[in-house]
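Dear colleague,

I am passing on a structure that you have not worked with before, and my notes on it follow below. Please read them with the sequence and the model open beside you.

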Amino acid sequence: MGTAEPHVATAAQSQVDGFHLVIDALKLNGIDTLFGLPGIPITDLARMAQAEGMRVISFRHEQSAGYAASIAGFMTQKPGICLTVSAPGFLNGLTALAHATTNCFPMILVSGSSEREVVDLQQGDYEEMDQLAIARPLAKAAFRVLHAEDIGVGIARAIRAAVSGRPGGVYLDMPGKLLAQTMDAHAGRGSLIKVVDPAPRQIPAPEAVQRALEVLKGAQKPLVILGKGAAYAQADAQIRSLIEKTGIPYLPMSMAKGLLPDTHAQSASAARSYVLPEADVVMLIGARLNWLLSHGKGKTWGGRGHKDWGGQKFIQIDISPQEADSNVRIDAPVVGDIGSCVSALLAGVGSSWPMPPADWLAAIAEHKGRNVARMAETLARNPAPMNFHSALNVVRDVVKANPEAILVNEGANALDFTRSIVDMYRPRKRLDVGTWGVMGIGMGYCVAAAVVSGQQVIAVEGDSAFGFSGMEVETICRYRLPVCVVVLNNNGVYRGTDVNPTGGPDAAPTVFVKGARYEKLMEAFGGVGVHATTPAELREAMEAAVRSRKPTLINAVIDESAGTESGRITSLNPAAKKK
Ligand code: ADP
Ligand code: TZD
């Protein structure tokens, strides 16, 4: 493969090629970073992008590059770009594209593709695949550009589709031939589009706001639920103001933790199982009533049977008009962007909004107090071997001392315990498995979080979860990123104690090599590896990592019998239900 030629070659002084039109179109729209993995036909695109001053982050697997792009989109409100080769590279990136769409993160998967004529006649081209057709159902939108003069429009459409309305994943197909096409440089420059107002504000209808305020006013036991849409919206001050002016207790969904500090007096997190069935009016802000909220019905919500409505009224603030009534009746949908909706509600709330009834707040405080005391007792124990609680007690302290640090989290028990034990203090600092509960986001998220923010990243990983993207520790070392990975190692998926019932030589399906030394993986690439078997060792290693900002992997060995099947969602397991 040829190396990147300087921007404009002599004979073609007045010509521009597809490569440069793509780069210039992205830069024109403030996109300065590409996450990807090179190969035919996009190697030179990556090289030229770097030569033109873009940050190009190369991964070891496209799935990690894709997850990086998706979370960069969540953090910045600009589409994260993932660049892949055709067919297999494209397919490797596709999981992340679907993940972005599912989680409402703006992302653009740009994949090189083979020659249209050959693909369409199925003549067996190198990495032949009808990528556009395959991407379409998994993306919010999918486009292909065939002519250099359309690159500007293609990228503009992709950006708008990714960030406007409900954000999502967009696929952009770039046949190899397109990148090498040339056109008149002046016309080329003129064909690029700087997208004006890519995510326009969507002002809610005044009557919808009024309706919501009336429902809220009638509440005896109001509750607000903040979802990751609220975190994405970057309307932090308005949201905090609405919560504090109304005095309504709130529950943050996982990635909305820290939107207000978890230590806030109005946080009802520690009384979650009390407030959900008890609340009479629930205002959802950027949160869907999907499985993570038990579909808004059933016993979690005080319903008698598992599909019964609990009797509460719902207000839902969401940018998607189709979201309301997806699971239960929404009495007051407020459709618009969260910043505009919350501002409109705030204006209606004014300065004399009555506080929620004192007995509701007192009952929540009592439940909280009891649960917090119980948790404190558990966290203070120091069992040998270490368990999830004694290890996470350390992480909790380190995050408290470093509130700007970004916490990446995946696993089953490793996820559930971290979510409930580790308090977050700032918005958008907790990045996790999201709507699907997908494993494999870990190292890709770490790379993107460090690249985008420059902040220290701390990843808390189940040992199984880590394995999905573990090779990216090389990427972390290569770019010298301030990432500290803590692998909570209990020798398997969920636990390491299963045995093969036949007595045969194969390990049980959930069990890994016992006593694996994950820290050596980091050492292999020049990072710091630590084997920690006590909370004191874990603490020392984490503090050193944060101090030095060196790539660090701490193999935190915990009790292999700690944890439950699937963590908190054992009940979704058909086999476990039968037991
Ligand atoms: P969680 O998993 O935290 O409960 P979800 O991903 O289920 O959150 O819900 C996020 C919701 O936020 C989606 O329904 C999405 O349409 C909505 N959303 C995303 N961005 C915005 C925004 N800027 N304004 C309004 N709603 C938004
Ligand atoms: N594959 C993918 C892509 N996503 C998944 N969620 C799973 C498989 C199934 N799965 C979970 O839901 S959690 C998990 C798997 C394999 C790993 C749990 O083990 P762990 O964490 O070691 O990461 P704990 O702390 O030991 O439970």
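In this predicted model, helix H12, which covers residues 236-246, packs with helix H14, residues 338-349, at an angle of about 30 degrees, and their axes lie 9 Å apart. Because angles under 35 degrees count as roughly parallel, H12 is described as roughly parallel to H14. The crossing in which H12 passes H14 is left-handed. On the side of H12 the residues that take part are Gln238, Ile239, Ser241, Leu242, Lys245 and Thr246, and they meet Ile338, Gly339, Val342, Ser343, Leu345, Leu346 and Val349 of H14. Sorted by character, the residues of this contact between H12 and H14 comprise seven nonpolar, five polar and one charged.

H14 also packs with helix H10 (residues 206-217), here at an angle of about 55 degrees and with the axes 10 Å apart. That angle makes H10 oblique to H14, and the crossing of these two helices is right-handed. Val209, Ala212 and Leu213 are the residues of H10 that meet Ala344, Leu345, Gly348 and Val349 of H14. The contact of H10 with H14 divides into six nonpolar residues, one polar and no charged. If you compare the residue lists, you will find Leu345 and Val349 of H14 in the contact with H12 and again in the contact with H10.

A further helix pair is formed by H1 (residues 18-28) and H2 (residues 43-51), which pack at an angle of about 50 degrees with their axes 10 Å apart. H1 is therefore oblique to H2, and H1 passes H2 in a right-handed crossing. Phe19, His20, Val22 and Ile23 of H1 make the contact together with Asp44, Leu45, Met48 and Ala49 of H2. Six of the residues in the contact of H1 with H2 are nonpolar, one is polar and one is charged.

Turning to the backbone, it helps to keep in mind that most residues other than glycine have a negative phi, and that most peptide bonds are trans. Against that background, a cis peptide bond joins isoleucine 40 and proline 41, with omega at about 5 degrees; proline 41 belongs to the loop between strand E2 (33-36) and H2, the helix that packs with H1. Another cis peptide bond links alanine 384 to proline 385, where omega is about -5 degrees, and proline 385 is found in the loop that runs between helix H15 (358-380) and helix H16 (388-401).

As for phi, arginine 549 has a value near 60 degrees, which is positive in a residue other than glycine. Arginine 549 is located in the loop between helix H22 (535-548) and strand E19 (552-557), and with a relative accessibility of 40% it counts as partly exposed. Serine 566, likewise not a glycine, has a positive phi of about 65 degrees. Serine 566 sits in the loop between E19 and helix H23 (574-578). Is serine 566 buried or exposed? Its relative accessible area is 8%, so serine 566 is buried.

One more loop residue may be worth finding in the viewer, namely glycine 302, which lies between strand E11 (281-285) and strand E12 (313-318). Glycine 302 has a relative accessible area of 42% and is thus partly exposed. Leaving aside residues up to four places away in sequence, glycine 302 touches Pro277 and Gly310. From glycine 302 to glutamine 266 there are 36 residues in sequence and 22 Å in space, taken from C-alpha to C-alpha.

Finally, a word on the chain as a whole, whose secondary structure comes to 23 helices and 19 strands. For 579 residues a compact globule would have a radius of gyration near 25 Å, and the chain, at 25 Å, agrees with this. Along the principal axes, the C-alpha atoms fill a box of roughly 80 × 65 × 45 Å. Of the 579 residues, 56% count as buried. Among the contacts between residues at least 6 apart in sequence, 77% join residues that are at least 24 apart.

With best wishes

Definitions and conventions
Residues numbered from 1 in each chain as written. Chains lettered and ligands numbered in written order. Predicted model: local features only at pLDDT ≥ 70, side-chain atom pairs only at ≥ 80, totals over all residues. Heavy atoms only, no water. Axes fitted to C-alpha atoms, helices over the stretch in contact; angles between N-to-C directions. Helix = DSSP H or I, 4+ residues; strand = E, 2+ residues; numbered from the N terminus. Parallel < 35°, antiparallel > 145°, perpendicular 65-115°, else oblique. Left-handed = near helix turned anticlockwise from the far one by under 90°. Contact = heavy atoms within 4.5 Å. Nonpolar A, V, L, I, M, F, W, Y, C, P; charged D, E, K, R; others polar. Rg over C-alpha atoms; globule rule 2.2 N^0.38 Å. Buried < 20%, exposed > 50% of the residue type's maximum accessible area, 1.4 Å probe, protein only.
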